[in-house]
Amino acid sequence: MARNACRTCQHTWNSRGSDKPTECPSCGGTLVYVVPFSFGPFIRLALLGAVVFTVVHFWDKIGPIISDLSSPKSPPAEAVPPEDRPEPQPAAVDDQVPPVDATLKVEGDGLPAQKVEPAAPEADPVAEAERQRQLEEARKAAEAEAKRQAREKEARRVLEMGKNFESNRNNLRAVEKYREVMERFKDTAAAKEAEGLERAIVERESGS
Ligand SMILES: [Zn+2]
């Protein structure tokens, strides 16, 4: 709605919409103009609410534009003559809503879309599954190695018992222990050593 005035007869009237008046409804004169008006407090409040509502609901689209504008100060909207300005909202923003930027930033930060984006690469389910698989593989390998070492240690303990018997000239018990190592701890270094020691005793005794 705009307030119009006629220069010829000073008649004033309201017109709907944003159409520029072309003719005075009173005298038919064409020297008509839009009266620049100031907003009352209630209209200012309503405009502020409309601006905030629009910005909150369309932050995705206008957020980047606003941040572009905020670094180099946007040209003042007052530069536009009032007659060419159908919606007075830009002026309202500049005039009375200095904290509007801060408000919008808070709202913008709360939007899920902006939080999801940076987290997206980490949340790649395929990469995460592969990472878990490798961790599990490494864990199993470490477990197997620990088991192998424990087995080797136990085999060596029995092997040492056999060596003790042998050094005490108890070849019968020594061979018994060497064979125990060979049977119970196959594929260990101790089993291979026990095999050599056992064969040496057997060959010595068969040779004597
Ligand atoms: Zn007139």
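**Contacts, helices and core**

Me: Among contacts between residues at least 6 apart in sequence, what share joins residues at least 24 apart?
Reply: The model is predicted: local features need pLDDT of at least 70, side-chain atom pairs count only at pLDDT 80 or more, and totals for chains, interfaces and linings use all residues. Residues are numbered from 1 along each chain as its sequence is written. Two residues are in contact if their C-beta atoms, placed from the backbone, lie within 7 Å. Among the chain's contacts between residues at least 6 apart, the share joining residues at least 24 apart is 47%.

Me: In what order do the elements of the chain run?
Reply: Helices (H or I, at least four residues) and strands (E, at least two) are DSSP runs, numbered from the N terminus. The chain has eight helices and three strands. From the N terminus, the order is β-β-β-α-α-α-α-α-α-α-α.

Me: How many residues of helix α6 are buried?
Reply: Buried takes 20 or more other C-beta atoms within 10 Å of a residue's own; exposed takes 12 or fewer, partly exposed lies in between, and C-beta atoms are placed from the backbone. Across the 208 residues of the chain, 12% count as buried. Helix α6 has 43 residues and is hardly covered. A155, L159 and G162 are its buried residues, a count of three.

Me: What length does α6 reach from its first C-alpha to its last?
Reply: Helix α6 covers residues 125-167. The expected span of a helix is 1.5 Å times one less than its number of residues. For α6 the expectation is 63 Å, and the reach is close to this, at 63 Å.

Me: Is L159 buried or exposed?
Reply: L159 sits in helix α6. Leaving aside neighbours within four places in sequence, L159 contacts V181, A190, E193 and A194. E193 is 34 residues away in sequence, yet the C-alpha atoms of the two are 8.3 Å apart. L159 has 23 C-beta neighbours inside 10 Å, so L159 counts as buried.

Me: Which helix supplies the largest share of the largest nonpolar core?
Reply: A nonpolar core is a set of buried Ala, Val, Leu, Ile, Met, Phe, Trp, Tyr and Cys residues joined through C-beta atoms within 7 Å. The largest has 11 residues, including A155, L159, Y178, F185 and A191. Helices α6, α7 and α8 each supply at least two of them. The largest share, five residues, comes from α7.

Me: At what angle do α7 and α8 pack?
Reply: Axes are lines fitted to C-alpha atoms, for helices over the stretch in contact, and angles run from 0 to 180 degrees between N-to-C directions. The axes of α7 and α8 lie 8 Å apart. The packing angle is about 145°.

Me: Which residues does A191 contact, leaving aside neighbours within four places in sequence?
Reply: A191 belongs to the largest nonpolar core. In general, nonpolar side chains tend to be buried together in soluble globular proteins. The contacts of A191 outside that sequence window are A155, V181, M182, F185 and K186.

Me: Which residue in the loop between α7 and α8 has a positive phi?
Reply: The residue is not a glycine, and its phi is about 70°. It is exposed, with 10 other C-beta atoms within 10 Å. The loop between α7 and α8 holds this residue, D187.

Me: What is the phi of Q10?
Reply: Q10 lies in the loop between β1 (2-6) and β2 (12-15). Q10 is exposed, with 10 other C-beta atoms within 10 Å. Q10 is not a glycine, but its phi is positive, about 65°.
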